[in-house]
Amino acid sequence: MKRKKYLIDLPFITGNGNKASEINDILHQYGINIIQKNLSIDEIQSDDIREVAKKKISGIPASMDFAIIEDSGIFINALNGFPGVYSSYIYNTIGLNGILKLMANIENRNAYFISIITLKFDKKIILFEGMVKGRIGEKIKGNNNFGYDPIFIPDGNDKSYAELSLHEKSMTSHRKIAAEKLGEYIKENIDKILKKVNNKDKTCVQQLG
Ligand code: ITT
């Protein structure tokens with residue numbers, strides 16, 4: 001059967017434009033166009049990133065029935081997973097230099113990023129997860145991308161994520177793995193989604209070809 005071609009707008013509730021650009025870059029191949037919505041939603045504190053994600057998505061306006069959020073963070077093995085769910089706060093307080101100081105004289109520099117993309121659709125909540133392993137560099141390297149990228153060196157690479165272009169980073173990132181799972185889900189369920197998307201959210205669907 002010949003598949004329909006479509007271009008669908010998917011609202012992404014986030015204050016972080018870098019996350020929106022990366023997910024948009026990854027999802028374009030699936031006919032999905034990310035629309036960033038900077039709404040403030042309460043975030044609960046929990047040591048479990050999945051719990052944070054589930055609570056956060058339940059705080060989005062009830063009228064939005066096709067939308068995503070993303071929770072992510074960097075987990076450093078020698079620091080028992082710190083900063084993890086506190087990554088955003090720690091980045092804004094002690095910053096990259098603070099992390100490098102905490103890591104001084106620590107030999108095991110293994111770390112990983114996690115991305116949980118949470119989709120709300122048809123009153124259901126679905127989590128898509130991605131993880132990438134790497135290590136904390138000895139110093140800050142590169143200006144590209146955002147957050148912890150200048151101190152994160154993915155496995156199999158000598159360059160930090162901040163020394164790669166957005167597109168190069170997105171070939172291996174935690175966000176790519178999670179976003180592609182979401183893209184596959186939308187592709188498989190596209191007929192249902194096209195029927196149900198709520199135009200009150202200004203979700204826009206174009207049938208192509
Ligand atoms: P929203 O909650 O509004 O989406 P945020 O930036 O606060 O935006 P999170 O709560 O998910 O997002 O915090 C994740 C933090 O982890 C983020 O601010 C970065 O500091 C860091 N982070 C996540 N993914 C990253 C990546 O790919 N590269 C570098 N740092 C990343």
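Helices here are DSSP runs of H or I at least four residues long, numbered from the N terminus. With that in hand, here's a quick tour of this predicted model, starting with one serine and then stepping back to the whole protein. S170 sits in the loop between α5 (166-169) and α6 (174-188).

**Zooming in on S170**
- Is S170 buried or exposed? Its relative accessibility is 6%, and buried means under 20%, so S170 counts as buried.
- Leaving aside residues up to four places away in sequence, S170 touches E22, D25, I26 and K176.

**How the chain is laid out**
- The protein has seven helices and seven strands.
- If you walk along the sequence, those elements come in the pattern β-α-β-α-β-α-α-β-β-β-α-α-α-β.
- Take the contacts between residues at least 6 apart in sequence: 63% of them join residues at least 24 apart.

**Overall size and packing**
- Along the principal axes, the C-alpha atoms fill a box of roughly 55 × 35 × 25 Å.
- A compact globule of 209 residues would have a radius of gyration near 17 Å, so the protein's 18 Å agrees with that.
- As for packing, 48% of the 209 residues count as buried.

**Surface and charge**
- The protein exposes about 10900 Å², and carbon and sulfur atoms supply 49% of that area.
- There are 30 positive and 25 negative charges, and the mean positions of the two sets are 5 Å apart.

Conventions. Residues are numbered from 1 along each chain as its sequence is written. This is a predicted model: local features need pLDDT of at least 70, side-chain atom pairs count only at pLDDT 80 or more; totals for chains, interfaces and linings use all residues. Side-chain values use heavy atoms; hydrogens and water are left out. Helices (H or I, at least four residues) and strands (E, at least two) are DSSP runs, numbered from the N terminus. Buried means under 20% relative accessible area, exposed over 50%, partly exposed in between (1.4 Å probe, protein chains only). Contact means heavy atoms within 4.5 Å. The radius of gyration is taken over C-alpha atoms; the globule rule is 2.2 Å times the number of residues to the power 0.38. Accessible areas come from the Shrake-Rupley method with a 1.4 Å probe; for residues, only the protein chains shown count as cover. Lys and Arg count as positive and Asp and Glu as negative; His and the chain ends are not counted. The place of a charge is taken as NZ of Lys, CZ of Arg, CG of Asp or CD of Glu.
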